[in-house]
Amino acid sequence: MEWLFRRTAPDEVERDVTQRSQFDTDETRIEATLIRESHQNSLDARESGSGAAVKTRITFITPPANEKYFNQLFDGLAEHLEVSGIDLTDIDFGKPTFLLIEDFGTTGLVGAWDTKDKRAFSDFWRREGRSHKSGAANGRWGLGKLVFSSSSKIRTFFGLTIRYDDPAKPLLMGEAVLMTHDIEGETCAPYGFYANKGVKGIQIPETDEPAIAEFVSATGLTRTDQPGFSVVIPFPIDQLKPKSLIEGVITNYFYPILTGELEVEVQGECINAATFDAVAAKYATGKILNPQLIDFIRNIHAAREKKPDFELPANWAQNIESAIGPEKLHELRTAFGTLGSFVYVRAPIVLKKKDNVSHTTFFDLFLCKAPEGVTGDSLYIRSTITVPQEGRNFPATDTFGALLAKDDQIASFLGDAENPAHTQWSLTAEKLKENWKAGPARLTEIRSSLRNLYKALAQLEERTEPDALIDFFSIEDTQPGKKAVPKVAVKPPMPDLPPAEKVYRIARRSGGFAVRPGKGLVKDLLPLRLKVQVAYDVFKGNPLKKFDPLDFHIEHSPIKIAINGANCTYPFPNRMDIEVTDTNFSVEVEGFDQNRDLFIDARKDSK
């Protein structure tokens, strides 16, 4: 085997790999992305009809000294790395470290290996940006494998597969994903392969068993004859540590783990349905530590073995409250209002493909009141993966809610709506528009269904309170039986005075605002108390009166607040009370929906 880089023709358009940034963002770090991408591939490759869990093993290893073998393994790669701008200062090719990711109970990379076809082996090694996955498959874009090379300091990885339908022939290849680069006056494509030359220049894997056995022994792989796929990442980047990967497993794959579909071992730490609670308490940060959320997930799994509490009629999207009907609505409201009770509703939906073939499918909705003092949360699950950023569509802090799309057709539809990192659904997704009729409309109905069900059961409605201000705007009736006549006071003319300098100002920005000092703020006015109320603007009426608690909670994600020289409290979901303690204060608020106009009412609080 040798490192093979294709020389490009002079008239060929140079095209570099630019999608890496999609897998390491502020919202989804590469540690989580590596876990998400590798495990969705493993779950997609689960052996058909097998009731056993998919098992993965993740290990960091520094193998025993074998400098001759490792120098030979990387021979011919270093010059391509150097001209591509890869920093090799701390790289000793004779003494590598490896990150190993292996799956078991899967099919391996099936399909032709010495020519191209439309199956897993060709899709993984010979295609970028294209995938033949469909139905309930977790992957879609054909970009996820970029995370393997992105996880290596030298942008390189190796893959060993044993296929369930050809177990006697293990296959080994490697890949480096660099930039377009020049060597000895010739331009090389970004992709290089550790492979053998096949017919018509196609790269083919190593099939020689002694050579593969030597690779397995040298790198520390544990696979023997079990079907599945092993990834070997040399010189893993510094961000990747056992603890961060365990956190990635817990926070991204808690659903298939808790439901017995997946078991993961990271550096000897086993994470399965039985050990999940203990491991989460030891390693995880954030919402998944909430034991009530874990119980809610287990209840979802148990509930799916029974009939739903109610199956919505076909017209539910028009008005979910009317679709349920008054009698059943009262029953569900009573159940939802009972602490510890669990509401399970099934929503049918008809999806039509561009070929005019209609598919009747469904998804499930679950609601449960959170105990007093416990903050609720929401889950949006397609097949076996969570879509974390969709949770912002259901910010009800007093309730646990879940949307579960497991049926093949609904999973296929939502998969086509996902971004490459599989963290949210998009109304403008290319595959959604290409494959489905009225795709954005159906997606809007689906993503708002959990919110609308909650509103129907929680009886959230506007109420007019005619006596709300009676203590402030009333005149004592001193003559019973006679109509009170308001007194008219004649005000003396006011002299012309220069306008007072403002003590605070509101600076607007995309997706938020900032409260800052005005020119009139001096030390003698401190502490200054401000009341700031926020709502999304509406076409008609008072935005504050029409504020919906499901729009946002100013104290909770995705809203972020940076405070300097002040103290803040949050008495209501859309209100913040600011006590200014420094004349050079600032309160910066961001994270609101940038597609909606923000209405801000700020005023001094005299209390």
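Begin by selecting β19 and strand β20 (residues 512-517), which run antiparallel and are joined by six bridges. Within this pair, in what is a predicted model, display R505 and look across to β20, where R516 stands opposite.

Next, widen the selection to the open sheet of four strands to which these belong, whose order is β19-β20-β25-β22 and whose pairing is antiparallel. The edges of this sheet are β19 (504-509) and β22 (560-564), each of which pairs on one side only. If you view the strands along the sheet, neighbouring ones are turned by 10° against each other on average, direction ignored. As background, strands of a sheet pair through backbone hydrogen bonds, either parallel or antiparallel.

Now leave the sheet and select L34, L99, F148, L245, F276, F296 and F366, the residues with the most contacts inside the largest nonpolar core, which has 63 residues. Helix α10 (residues 291-303) gives this core its largest share, namely six residues. Apart from this core lies another of 39 residues, among them L365, L453, Y454 and L550.

Returning to L245, show its surroundings: leaving aside residues up to four places away in sequence, L245 touches E31, L34, I35, I58, F60, L99, L240 and V266. In soluble globular proteins, nonpolar side chains tend to be buried together.

Finally, turn to the cysteines, bearing in mind that the structure holds zero disulfides. Select C270, which is partly exposed because its relative accessible area is 37%, and then C368, which has 10% relative accessibility and therefore counts as buried, the cut-off for that term being under 20%.

Technical notes
Residues are numbered from 1 along each chain as its sequence is written. This is a predicted model: local features need pLDDT of at least 70, side-chain atom pairs count only at pLDDT 80 or more; totals for chains, interfaces and linings use all residues. Side-chain values use heavy atoms; hydrogens and water are left out. A disulfide is a pair of cysteine sulfur atoms within 2.5 Å. Buried means under 20% relative accessible area, exposed over 50%, partly exposed in between (1.4 Å probe, protein chains only). A nonpolar core is a set of buried Ala, Val, Leu, Ile, Met, Phe, Trp, Tyr and Cys residues joined through side-chain atoms within 4.5 Å. Helices (H or I, at least four residues) and strands (E, at least two) are DSSP runs, numbered from the N terminus. Contact means heavy atoms within 4.5 Å. Two strands pair if DSSP finds at least two bridges between them. Axes are lines fitted to C-alpha atoms, for helices over the stretch in contact, and angles run from 0 to 180 degrees between N-to-C directions.
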